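Reader: Before I work with this model, I would like to go through the terms used for it and see what each one rests on. Could you take me through them?

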Amino acid sequence: MANREPFSLYEFFAGGGLAGLGLHGFRTTFANDLDGAKAASWRANHAEPDILKLADVWDLTPDDLPGHADLAWASSPCQDVSLAGARGGLDARRSGAFWGFWRLMTGLAGQGRTPGLIVIENVMGLLTSNQGRDFAAVCRALHDGGYVFGAVEADAALWLPQSRPRLFLIASRPPVAGAGEGADPFHSPRIRAAHGALPDDLKAGWVWWRLSAPPRRNTDLAALLQPDDAVAWLDEDKAAALLNLLSPLHRARLDAAAASGERRVGAAYRRVRLENDVKVQRLEIRFDGLAGCLRTPAGGSSRQFVVVCQNGQTRVRRLTGREPARLMGLPDSYALPTSEVAALKLMGDAVAVPVVRALADQILRPLLEGAVRTAA
Ligand SMILES: C[S@@+](CC[C@H](N)C(=O)[O-])C[C@H]1O[C@@H](n2cnc3c(N)ncnc32)[C@H](O)[C@@H]1O
């Protein structure tokens, strides 16, 4: 296949458009989201704002989609398949939006406009929700649509100082030779287990995509933070009340950081944990140079805190302003909503840009150029 970049892209569940920003060599010809605030952010960061159609995916028809797409990207809502959530599964209302997307793919096929590639991005919980039935159902849909497919687990922490493992299920209409063996770090044990649980006819259509790890990351959380004097710190009482929520293990981590005599930067989340059958609110802290996975703020408890130990002092503040965007790999030129909560909501369920970029460079463009690497 001749190189004919830019390849065309439909960006479903587009949010702030981070998938499109990572898809180097692709041009978005259609985007969709139903959230007005997110759509505004997408448009504010896109040279062709009118491409985004603000609508429920279920209300779209194939006639809304222009021309032909080389790639359809779907970051469908993950709450119901998240390991942290209620796990209603793909039949549940929000994650059911995937099937609204799939209805469109089927409609395009009926018009001879099947996208060459599809990427489905989700939380790792998609592998196991509903005892694996959701994942099998998505693979079945791809198989019946004439795609070969395979999944990789990529943690943004390889590229950025944020722990954010995500599942990328990549499907190709052009057949790809050689199923090979899952061996890369990106073919994680949980991906191999999910593959192993698929029925034989779906396993036959599976491809172990090859992805190389990036060079060793040389930035940590501290490097992405705003200067200490440009942010608002919690007052001593509030900080002490928060740090009182540390369990003995996490208190020991803080004490070790404070005793190091160096400037140490940690990230912390409040979580509700079951201890001796009683729900207890805890502050969980890490000093491994990573932020915890950004989440959308719900009820205030999922705001991430920054804890800095220096010169015998421990200070605490919220992760704020530009910081969540930087943790997703966005340049400071990305226009964020003015409301802090809206910015966090936007970043909390976005996809990390350099991870998408790696998939585009190593798998997606090579597939469209007929030069893909698999594990065969
Ligand atoms: C996981 S986020 C994807 C974010 C995007 N990949 C990014 O990087 O910013 C899911 C998005 O799907 C949108 N969404 C949820 N249900 C939808 C539906 N029924 N139709 C269209 N969009 C929907 C949400 O507003 C949200 O922006």
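Author: What follows is a set of questions on the terms, each answered from the model. The model is predicted, and local features need pLDDT of at least 70, side-chain atom pairs count only at pLDDT 80 or more, while totals for chains, interfaces and linings use all residues. Residues are numbered from 1 along each chain as its sequence is written, and side-chain values use heavy atoms, with hydrogens and water left out.

Reader: What makes the sheet an open one of seven strands, and which strands stand at the edges?

Author: Strands are DSSP runs of E with at least two residues, helices are runs of H or I with at least four, and both are numbered from the N terminus; two strands pair if DSSP finds at least two bridges between them. The sheet has the order 3-2-1-4-5-7-6, with mixed pairing. Strand 3 (52-54) and strand 6 (148-155) each have a single partner strand, so one side of each is left without a neighbour in the sheet. The twist averages 15° from one strand to the next.

Reader: How do you know that strand 5 and strand 7 pair, and in which sense?

Author: Strand 5 (residues 117-122) and strand 7 (residues 165-172) are joined by six bridges in the antiparallel sense, and the definition asks for at least two, so they count as a pair. Leu-117 stands opposite Ser-172 of strand 7, and Glu-121 has Phe-168 as its bridge partner there. Strand 7 also runs antiparallel to strand 6, with eight bridges, and Asp-155 stands opposite Pro-165.

Reader: On what grounds is strand 2 called largely enclosed?

Author: Buried means under 20% relative accessible area, exposed over 50%, and partly exposed in between, with a 1.4 Å probe and protein chains only. Six of the eight residues of strand 2 are buried, so this strand is largely enclosed by the rest of the structure. Strand 2 runs parallel to strand 1, with five bridges, and pairs in the parallel sense with strand 3 over three. Ala-31 of strand 2 stands opposite Glu-11 and also opposite Leu-52 in strand 3.

Reader: What makes His-250 buried or exposed, and what does its side chain meet?

Author: His-250, in helix 9 (residues 248-259), has a relative accessible area of 11%, and since the limit for buried is under 20%, His-250 is called buried. Contact means heavy atoms within 4.5 Å, and, leaving aside neighbours within four places in sequence, His-250 is in contact with Leu-283, Glu-284 and Ile-285. A polar atom of the His-250 side chain lies 2.9 Å from the backbone nitrogen of Ile-285. A polar contact is a pair of N or O atoms within 3.5 Å, where within protein one must be able to donate a hydrogen and the other to accept it, and residues adjacent in sequence count only if both atoms are side-chain atoms.

Reader: How do you know which residues have polar atoms close enough to the ligand to count?

Author: The limit of 3.5 Å applies here too. A nitrogen atom of the ligand is 3.0 Å from an N or O atom in the side chain of Asp-56, a backbone N or O atom of Val-57 lies 2.8 Å from a ligand nitrogen, and a polar backbone atom of Leu-34 is 3.3 Å from a nitrogen of the ligand; these distances therefore fall within the limit. The protein covers 92% of the 600 Å² of accessible area that the ligand has on its own, with areas from the Shrake-Rupley method and a 1.4 Å probe; for residues, only the protein chains shown count as cover.

Terms used: Axes fitted to C-alpha atoms, helices over the stretch in contact; angles between N-to-C directions.
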